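This briefing addresses the chain as a whole, its charged pairs, one helix and its aromatic contacts.

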Amino acid sequence: MRPELDRARRTVAGLVEVARFGGLRTGEEPTPFTVALRTPTLRLRRYPGPAGEGPRVAAVLVPPLMLTAEVYDVSPATSAVRALADAGIEPWVVDFGAPELEPGGMERTLADHVLAISEAVDKVRAETGADVHLVGYSQGGMFCYQTAAYRRGDGIAGVVSFGSPVDLRGTAPLRLPEPVAVAGAKLLSQGGIRRTGAPGWLTRTGFQLLDPVGTVQSRLQFLFALHDREALLPREGQRRYLMREGWIGWPGPALEEFLRQFVLSNRMLAGGIQIGDRAVTLADLELPMLVFVGERADIAPAAAVRAIRRAAPAAEIDEVALPTGHFGLVVGRSALTTTWPVVGAWMRWRSGHGEQPTGVTAVAAPGAATPGTEVARVLPREVARAGVGAGVGAGRSVVDRLSRSAGSLVSLVRDVTGAPGAQLTRLARMQSIRPSTQISLAALLTERAKQAPENAGLLWGDRVYSYATMEQVVDLVVRELLADGVRRGEPIGICMQTRPTAVALAIAINRVGAVAVMLRPSEARADAELGAVRRVYADEPLDLGPQIDVREYIVPDPAAGAVLPTPSGDLPAWYRKNSGRAGETAFVLFTGGGTVRARHDITNHRYVLSALSAATAATLSADDTIYGVGALHHQSGLLTLLGAGLASGARIAMASTFDAATFWSEVRRYGVTAVSYTWNQLDEIAWGPQFPGERHHGIRVFLGSGLPRGLWRQLADRFAPARVLEFWASAESNAVLADVRGSKIGCVGRPIPGSAAVALAALEPGTWRPRLRADGFVQPAAVDETGLLLVRAPADQPALVGTLRDVFTPGDAWVDTGSLFRRDRDGDHWLVGRVEDVFTTDDGVVHPRLVAEALSDLPCVRSAVAFRVGRLAVAAVQLLDDGAISGVDLTAAVGHLVHTARPDLVAVVSTIPRTSWYRPRIEVGAVDELRAPGTQLWRREGDRFTAVSDG
């Protein structure tokens, strides 16, 4: 027969065989196995292990969701389980089955898969008596990372991954621009994908569309080679698996979570992965890892895979880079000759039973800072800023620049126009609030529970409370409050440490329409008297006097497995959920102590305005996690942390204590992007030693109030490109100032759109009385002149006590804030201090805040505070551990202050005490230290400082 005819005959025969059997018959049989464990989510296969005696080293192999478990046993020639057994490893394989064919299979969540893998680890560990290695391909490797993080490494000897992406931003298929890919993922996650999922035919088609040219080429090559059947047989199993047989459905809930957590929020890298009711982070991993990178892989590019180095900075990570594509890492010629022999040798080596394999490269710890990382504080400030500017310019997308940056309050409005609609909605909402508007903290929670019930709302102690769960718990507490007889408008005391119970109780009191009086535990009795409460809920016994009913209150914790009781009984006829009006008092806070104690009534308007202002200025969204240690009895915890989180739909991560090690551990575990602070709270993380979790952190903004200039500068330098967003808010009115740009260190910016207008009144020299013009109206302060800040009183709201009328024009009304400011030529405000803090010496008026700020600008100073001793102005400074100070330094630091406003004495102290909300203060013991032998003390003589005692 002529060769051409023979070739045609063999091609036709091949086509007939493919048509009848779906492919060429190879005669190959799969490797036999037994099922060692069955759960609703998986079957754990046990394959034959190595022959002979020896140490037992076991590996649990995890497939991605869209592929069957046969990916590890495609054919005898490319079987991973056989190769591992030959290398001395016991292979166990996770089989998720075909979800579309199993009861409830298409309703599985990501957590179901992770928890099932964790159960498989326990089974293998019990069978072998040793820790096991987790091995995963593509998304299976992501499951391995998540399972190891969920278990905090318990029972895991190591993790091996093949083309498993960790940074899912910038790795869009078909080289789509990141904004387009993110927008598509958001549409899918918000659409019906949770209900429908992705059936097997769709996952197969989608995978093939990722490389349409390659798919067509592969099919044509197969057709043109059908005449040579024997040449095709060795790769036929692999071809059939990829083209048809290996694909299964992706459950809808798991797919929706994958898009929301890993594509939109990038939580593999950022942290805060939600597994059931737990928040986990890869940063907790200190395990050995072996990462395989496909140098020609488009689905999981090398940069996305190598991001595990940033996500797990404390882990020991080895790498093998292969000149192959994504699938070739685990199936194919290079997998058989390189991948699996190296994996087996690496596992034996890491288990202490062999030598380090060749071709494995140890990945060094992350070094130079990149966008989203820290800049080491040892760098000169100007060098750090230059590096950050270059990194930001190269690393941020156009959408990120529009949504994350703002130049000034004017440019904020302009920038927000091009940002997500949520920003415009917040701005419009702030400007539309009237005293009769029905709005409150409790209403914000209800909105979130309706819009995104499954989204994480509150993170506490590794636990995750969804917005739906928070709403359910608050409604339960409301019923108990109503059963206790709580009424609208009644002042109800809360004296609790920061915890979910306190959060639920505060929101529930607000929902009823009562007033939540936030008592400070250390000042509870005096605060309760000033707050006129007769009923207090506490988390421990209190003695507040016989006239106050104190009740210990504990809410069942659903995140810890507690079952909430079913509500029963009718609600009072007068009760209306979230009926609070903007003009009504919602909360009462307290400041000061002893004889200098102040009560601050916070209306619903004031609360929601502060919450929306913080969320808008910080551009918070549901992709963010805001973290803070502020107690609920302080405005940083109640308004900034809780309020901004609920106003934006962000995840709210709360902690009750603060130290640097815990801070960085929780930042990574919760995936923190925004940190709420107050005064010197961040001192320890700014000046202290570096922690592994600090490397490549995800924090983009620090927001709060009272930050000293020196600490501000250190935060900006060390943690760039994260920015500082400094606020100032009036407790007596609806004025909120914010430094949106953050480029002027020490500045509190301008009024947020929607907040009350402000003005500065000039002062009579040496007094706090407004200076009058010839016509009797108040003289506005000039540029850079210190003045008294006044806030315009709303025309449609009853005047507050102390409201001034006919101030600048006939008929106007202003509220005196008692705070001194100056306004620069750009219109930005700078806090000079409170009137009550200013004191007079023999030389003149001294503003202690200005003295402390000037001294904190010195590079050697960690903290500073100024105060009066008799008729002298005294300043105390705490130096950095390696800091040294001189009279020349002091002279230069305060040189810009008016001569009469400079300190008479400056002393170096070992520490500066702080209040419970981290504000520096001087106590008797600290003053005594000034007189202690060896104290470094400088006296001002004219314009210079000379040492009185040194060493």
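**Salt bridges and surroundings**

Arg151 is buried, its relative accessible area being 11%. Its salt-bridge partner is Asp154, with the closest N and O atoms 3.9 Å apart. Asp154, by contrast, is partly exposed, at a relative accessible area of 42%. The model is predicted, and the points below set this pair beside other features of the structure.

**The chain as a whole**

- The protein chain contains 31 helices and 38 strands.
- Of its 951 residues, 56% count as buried.
- The accessible surface amounts to about 38,600 Å², and carbon and sulfur atoms account for 54% of that area.
- Where contacts in the protein chain join residues at least 6 apart in sequence, 72% of them link residues at least 24 apart.

**Charged pairs**

- Side chains of opposite charge can pair when their charged atoms come close.
- The structure holds 55 salt bridges in total.
- One of these joins Lys577 and Glu471, with an N to O distance of 2.8 Å. Lys577 belongs to the loop between β17 (549-552) and β18 (585-593), whereas Glu471 belongs to helix α21 (residues 467-483), so this salt bridge ties together parts that are 106 residues apart in sequence.
- The two partners are covered to unlike degrees: Lys577 is partly exposed, at 36% relative accessible area, while Glu471 is buried, at 8%.
- Another salt bridge links Glu127 with Lys123, the closest N and O atoms lying 3.2 Å apart. Both residues belong to helix α3 (residues 110-128), and because they are four residues apart there, about one helical turn separates them.
- An α-helix has 3.6 residues a turn, so residues three or four places apart point the same way.
- Glu127 is partly exposed, with a relative accessible area of 33%, and Lys123 also counts as partly exposed, at 25%.

**A salt-bridge network and a polar neighbour**

- A network of salt bridges links Arg43, Arg45, Glu70, Asp95, Glu102 and Arg108.
- Glu70, a member of that network, also takes part in a polar contact between its side chain and that of Thr68, at 3.0 Å.
- Thr68 is placed in the loop between β3 (58-62) and α2 (80-86).
- With a relative accessibility of 13%, Thr68 counts as buried, because the threshold for that class is under 20%.

**Helix α22**

- Helix α22 covers residues 500-512, and its 13 residues should span 18 Å at 1.5 Å a residue. The C-alpha atoms at its ends are 18 Å apart, in agreement with that expectation.
- This helix is mostly covered, with 13 of its 13 residues buried.
- Gly513 follows α22 and has a positive phi, near 105°.

**Aromatic contacts**

- The structure has 19 aromatic pairs.
- Among them is the pair of Phe663 and Trp664, whose ring centres are 5.0 Å apart and whose planes meet at 85°. The arrangement is edge-to-face, because planes over 60 degrees apart fall in that class.
- Phe663 is buried, with a relative accessible area of 1%, and Trp664 is likewise buried, at 2%.
- Phe663 and Trp664 belong to one aromatic cluster, together with Tyr627, Phe658, Tyr670, Phe702 and Phe719.

Technical notes:
Residues numbered from 1 in each chain as written. Predicted model: local features only at pLDDT ≥ 70, side-chain atom pairs only at ≥ 80, totals over all residues. Heavy atoms only, no water. Helix = DSSP H or I, 4+ residues; strand = E, 2+ residues; numbered from the N terminus. Expected span 1.5 Å × (residues − 1). Buried < 20%, exposed > 50% of the residue type's maximum accessible area, 1.4 Å probe, protein only. Salt bridge = Lys/Arg side-chain N within 4 Å of Asp/Glu carboxyl O. Polar contact = N/O pair within 3.5 Å; in protein donor to acceptor, adjacent residues only side chain to side chain. Contact = heavy atoms within 4.5 Å. Areas by Shrake-Rupley, 256 points an atom, 1.4 Å probe, with all protein chains shown as cover. Phe/Tyr/Trp six-rings, centres within 6.5 Å; stacked < 30°, edge-to-face > 60°.
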